[in-house]
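Me: I would like to learn how to read a fold step by step. Could you walk me through one?

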Amino acid sequence: MMTQQMANENQNPGNPNDPRPAGDPSLFSQQFQHPSLSARVPEKVARGVLSTGALVQDSPNEFVMDFVQGITRPLQIAARVVLPPSVMADFINAARENLANFEKTYGPPKELPKPPTDRRPTIEEIYSELKLSDELLSGVYANAVMIGHSASEFFFDFITRFYPNAAVSCRIYFSAQQVPRLLETLTMAFNQFQKRMAAMQQQQQQQQLPPPQDPPREDPPASS
């Protein structure tokens, strides 16, 4: 039972206005498409890592997801994955679809207890308590996501679809109980991103509008 969402990194056929000759070996651009559900799994990521939660940051160009292991102290980030916004939308849709399929077969996952307080800590407070190794600072990039589940857990394969071979760049495992909360976190982050992007676009449009002009001035009627 598996769902795959992907955003292909299609290559443009080339710029006809480029001054370099067509045979120039330093310039090569061609469209390609990987076969569906085809991705090599490097040995170093094949075992995957277990996560109990996720933190999501975003900029106009990407989402950064930090997958946390909260079983022991100090809390540590087990993996960092960078996704383009379009793939983030596909990821959320695929996760929602897989969770719905899971519930049809096994029923809703048991709800986890809520945090003891409703106060949301600042990002500085969160990361001050997390252990992040140097090798994870830059994270790994992905432009496709594959999701599957069993009766007790979900796996998320983050994939880089580059020519000549697509490959899994990171594999994450979540218990089924954790997935609804993960989906809630991803959806909230993406909705906030869309609101900020809409506000920025509106602000840019307002800056491009010509300044309002004063209405024509009417001279007072002459008196004798």
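Reply: Happily; we will go from the overall fold to helices, aromatic rings, a pocket and a few single residues. Please keep in mind that this is a predicted model.

Me: Let us begin with the overall layout. How many helices and strands does the protein have, and in what order do the elements run?

Reply: There are four helices and ten strands. Starting at the N terminus, the order is β-α-β-β-β-β-α-α-β-β-β-β-β-α. Of the 224 residues, 33% count as buried. If you take contacts between residues at least 6 apart in sequence, 62% of them join residues at least 24 apart.

Me: Now the helices. What should I look for in helix H4?

Reply: Start with the general idea: an α-helix has 3.6 residues a turn, so residues three or four places apart point the same way. Now take H4, which covers residues 179-208. Its 30 residues reach 43 Å from the first C-alpha to the last, close to the 44 Å expected at 1.5 Å a residue. The buried residues of H4 are Val179, Leu182, Leu183, Leu186, Ala189, Phe190 and Phe193. They pack against strands E3 (53-58) and E4 (63-69), and also against H2, E9 and E10.

Me: How far apart are the end C-alpha atoms of H2, and which of its residues are buried?

Reply: The end C-alpha atoms of H2 are 31 Å apart, which agrees with the 32 Å that its 22 residues should span at 1.5 Å a residue. The buried residues of H2 are Pro85, Val87, Met88, Asp90, Phe91, Ile92, Ala94, Ala95, Asn98, Leu99 and Phe102.

Me: What about the backbone angles? Where should I look for unusual ones?

Reply: As a rule, most residues other than glycine have a negative phi, and most peptide bonds are trans. Here, H2 is followed by Gly107, whose phi is positive, near 90 degrees. The peptide bond from Tyr163 to Pro164 is cis, with omega near 5 degrees. Pro164 belongs to the loop between E9 and E10.

Me: How do I describe aromatic rings that meet, and how many aromatic pairs does the structure hold?

Reply: A pair of aromatic rings is described by the distance of the centres and the angle of the planes. This structure holds twelve aromatic pairs. One of them joins Phe102 and Phe154, and this pair is tilted, with 5.4 Å centre to centre and 45 degrees between the planes. Phe102 lies in helix H2 (residues 85-106) and Phe154 in strand E9 (residues 153-161), so the pair ties together parts that are 52 residues apart in sequence. Phe102 and Phe154 are both buried.

Me: And how are the rings of Tyr141 and Phe162 arranged?

Reply: Tyr141 and Phe162 form a stacked pair: the centres are 6.2 Å apart, and the planes are at 5 degrees. Tyr141 sits in strand E7 (residues 140-141) and Phe162 in the loop between E9 and strand E10 (166-175), so this pair links parts 21 residues apart in sequence. Tyr141 is partly exposed, with a relative accessible area of 31%, and Phe162 is partly exposed as well, at 39%.

Me: Which residues form one aromatic cluster?

Reply: Phe67, Phe91, Phe102, Tyr106, Phe154, Phe156, Phe158 and Phe174 do.

Me: How do I read a pocket?

Reply: Rolling a probe the size of a water molecule over the atoms shows where empty space is left. The second largest pocket here has a volume of about 450 Å³. Its lining has 22 residues, of which Val49, Ala78, Ala79, Glu135 and Leu136 lie nearest the centre. Strand E5 gives the most to this lining, with five residues. By type, the lining residues divide into eleven nonpolar, five polar and six charged.

Me: Finally, could we look at single residues? Is Thr160 buried or exposed, and what does it touch?

Reply: Thr160, in strand E9, is buried, with a relative accessible area of 15%. Not counting residues up to four places away in sequence, Thr160 touches Tyr141, Ala142, Asn143, Asn165, Ala166, Ala167 and Ser169. For another case, take Glu62, in the loop between E3 and E4. Glu62 is partly exposed, with a relative accessible area of 29%. Leaving aside neighbours within four places in sequence, Glu62 is in contact with Gln57, Val82, Leu83 and Pro85. The C-alpha atoms of Glu62 and Pro85 are separated by 5.6 Å, although these residues are 23 apart along the chain.

Technical notes: Residues are numbered from 1 along each chain as its sequence is written. This is a predicted model: local features need pLDDT of at least 70, side-chain atom pairs count only at pLDDT 80 or more; totals for chains, interfaces and linings use all residues. Side-chain values use heavy atoms; hydrogens and water are left out. Rings of Phe, Tyr and Trp (its six-membered ring) pair if their centres lie within 6.5 Å; planes under 30 degrees apart count as stacked, over 60 as edge-to-face and the rest as tilted. Helices (H or I, at least four residues) and strands (E, at least two) are DSSP runs, numbered from the N terminus. Buried means under 20% relative accessible area, exposed over 50%, partly exposed in between (1.4 Å probe, protein chains only). On a 1 Å grid over the protein atoms alone, a cavity is a set of points where a 1.4 Å probe fits but cannot get out, and a pocket is an open set with protein on both sides within 12 Å along at least five of seven lines; lining residues have an atom within 4 Å of a point. Grid points are joined across faces, edges and corners, and a volume is the space filled by probe spheres set on the points. Ala, Val, Leu, Ile, Met, Phe, Trp, Tyr, Cys and Pro count as nonpolar, Asp, Glu, Lys and Arg as charged, and the others, Gly among them, as polar. The expected span of a helix is 1.5 Å times one less than its number of residues. Contact means heavy atoms within 4.5 Å.
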